[in-house]
Amino acid sequence: MSNAFEVNFDGLVGPTHNYSGLSYGNVASTGNQNAVSNPRLAAKQGLAKMKALHDMGFKQGVLAPHERPDVASLRRLGFGGTDAQVVERAAKEAPAILAAASSASCMWTANAATVSPSGDTADGRVHFTPANLNNKFHRSIEHPTTRRILQAMFANESHFAVHEALPAQMHFGDEGAANHTRFCHEYDGAGVEFFVFGAAAFDSRYPAPARFPARQTLEACQAIARLHGLKEEGVVYAQQDPATIDAGVFHNDVISVGNANVLFHHEKSFLHQAEVLAELDRKLAAAGGKFIAIEVPQAEVSVEEAVKSYLFNSQLLSKPHGKMIIVVPEECRNIERVWTYLQKLVNSGGPIDEVRVYDLKQSMQNGGGPACLRLRVALSEREIAAVNPNVMMNETLFGTLNAWVDKHYRDRIAPADLGDPQLLLECRTALDELTGILRLGSVYPFQLL
């Protein structure tokens with residue numbers, strides 16, 4: 001690889017992290033509904049993973065959480081009075097809506113945006129399109145704040161372009177980088193951007209899942225490719241297998257993960273899988289790379305085991321000598337067939353030769369593993385120098401953020417606690433301090449009044 005890097009920007013878990021079971025189609029999310037959460041532990045688990053990757057030599061940044069509960073959304077839905085009265089009234093009259101407005105789901109920054117590196121775009125800048133997350137109300141309210149945070153992190157318009165989200169409507173449902181992977185020979189060279197969709201909004205020729213919704217549309221993928229100025233020869237579109245979505249694979253990053261020239265995926269990932277892999281191979285070869293597909297057979301790891309363990313919601317990270325580390329959650333070690341497969345994988349002589357396991361139980365119980373927690377941004381050294389330096393992980397920031405979490409976060413939130421107006425004040429106090437730590441300026445609604 002050249003002097004360019006894939007930088008992981010992990011979401012910092014927010015103070016209102018709770019288990020409300022909001023994500024229909026996400027088996028872990030709905031299965032842990034009404035459990036008691038520990039926001040302080042959740043944030044510390046995420047920070048520990050960030051610091052561990054930083055200590056291994058990887059470039060690591062932080063994405064700030066959002067203000068929750070989202071009082072502005074509650075007001076739009078007819079809850080009036082002071083901010084405290086809005087929260088109390090919503091808790092009494094519509095606790096499910098309050099839970100949605102209190103979700104800390106922005107922690108999963110794989111859904112924050114789709115990112116195209118400068119090597120792929122027509123104007124030679126890194127392009128970001130925040131995801132509209134239209135399929136779920138609690139996520140659909142994220143993109144305005146996400147855009148302001150991204151603009152504060154990637155403010156240099158000579159290097160970066162931060163677009164508005166696509167129209168917030170089902171025809172252009174967009175779930176961000178959870179359905180997007182980029183393959184390349186070098187991170188700052190031309191690559192192949194791989195867009196995965198669940199259904200087509202305007203073309204009835206494409207099948208659709210029957211049980212769970214298809215959250216990403218083909219039309220959204222195509223719109224992002226146009227916005228980012230991508231060339232046809234540098235894009236591949238693939239449809240997720242509808243039966244796999246119905247088995248609980250709500251995003252592509254639950255059934256496949258890619259890095260550099262490697263795609264690690266399940267046998268049941270895509271419709272017309274052989275043709276998809278052939279197109280990736282052909283287009284990456286034209287861009288100067290050699291495509292490697294590692295396919296996990298259903299006979300060794302079932303789709304159900306993949307969903308339960310989040311084997312594919314892992315991170316693939318390139319080591320200096322060309323081999324890769326796979327970062328997986330503790331759940332992979334606890335499922336015998338998955339762990340057996342991982343041992344076979346790292347001893348196979350292939351590109352993945354090391355596995356690292358992290359405890360992310362607080363996130364996993366809400367349906368998000370290592371890959372959900374990070375937004376990947378391929379950057380050259382010059383582009384890294386143009387990023388807000390205060391969001392980049394180092395020893396000092398790690399200590400500062402842990403102390404900040406200890407100061408502001410609760411160690412227990414039950415569903416009934418969401419109706420406590422004090423929680424809103426605690427969140428705002430914490431975020432006001434955080435914007436000073438990360439030098440983000442005024443990005444939250446309460447700061448913009």
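The legends below describe close-up views of a predicted model.

**View 1. A tilted pair of rings, F172 and F202, joins two loops of the predicted model.** The ring centres of F172 and F202 lie 6.2 Å apart and their planes meet at 55 degrees, so this pair is classed as tilted. F172 belongs to the loop between β5 (160-162) and β6 (180-184), while F202 belongs to the loop between β7 (191-197) and α8 (218-227), so that the pair links parts of the chain 30 residues apart. The two partners can also be described by their accessibility: F172 is partly exposed, with a relative accessibility of 24%, whereas F202 is exposed, with a relative accessible area of 56%.

**View 2. A tilted pair of rings, F195 and Y237, links two strands.** Here the distance from centre to centre is 5.7 Å and the angle between the planes is 35 degrees, which are the values for the tilted aromatic pair of F195 and Y237. F195 lies in strand β7 and Y237 in strand β8 (residues 235-239), and the two residues, 42 apart along the chain, connect distant parts of it. F195 has a relative accessible area of 1% and is therefore buried, whereas Y237, with a relative accessible area of 30%, is partly exposed.

**View 3. Four phenylalanines come together in one aromatic cluster.** The members of this cluster are F9, F128, F154 and F160. In the structure as a whole, there are 14 aromatic pairs.

**View 4. Charged side-chain ends sit over the rings of F398 and W339.** The charged end of K51 is placed over the ring of F398, at 5.4 Å from the ring centre. In the other example, the charged end of R333 is placed over the ring of W339, at 5.7 Å from the ring centre.

**View 5. Three nonpolar residues form a patch on the surface.** L77, I97 and F137 make up this patch, and their accessible area together is about 240 Å². One of these residues, F137, is found in helix α6, which covers residues 137-140. With a relative accessible area of 35%, F137 counts as partly exposed, because this value falls between the limits for buried and exposed residues.

**View 6. T429 lies in helix α17.** This helix covers residues 421-438, and T429 counts as partly exposed, with a relative accessibility of 47%. From C-alpha to C-alpha, T429 and Q240 are 42 Å apart in space, and they are separated by 189 residues in sequence.

Definitions and conventions: Residues are numbered from 1 along each chain as its sequence is written. This is a predicted model: local features need pLDDT of at least 70, side-chain atom pairs count only at pLDDT 80 or more; totals for chains, interfaces and linings use all residues. Side-chain values use heavy atoms; hydrogens and water are left out. Rings of Phe, Tyr and Trp (its six-membered ring) pair if their centres lie within 6.5 Å; planes under 30 degrees apart count as stacked, over 60 as edge-to-face and the rest as tilted. Helices (H or I, at least four residues) and strands (E, at least two) are DSSP runs, numbered from the N terminus. Buried means under 20% relative accessible area, exposed over 50%, partly exposed in between (1.4 Å probe, protein chains only). A charge sits over a ring if NZ of Lys or CZ of Arg is within 6 Å of the ring centre and within 35 degrees of the ring normal. Patches are made of residues with over 30% relative accessible area and no salt bridge: like charges are joined within 9 Å, nonpolar side chains (Val, Leu, Ile, Met, Phe, Trp, Tyr) within 5 Å. Accessible areas come from the Shrake-Rupley method with a 1.4 Å probe; for residues, only the protein chains shown count as cover. A salt bridge is a side-chain nitrogen of Lys or Arg within 4 Å of a carboxyl oxygen of Asp or Glu.
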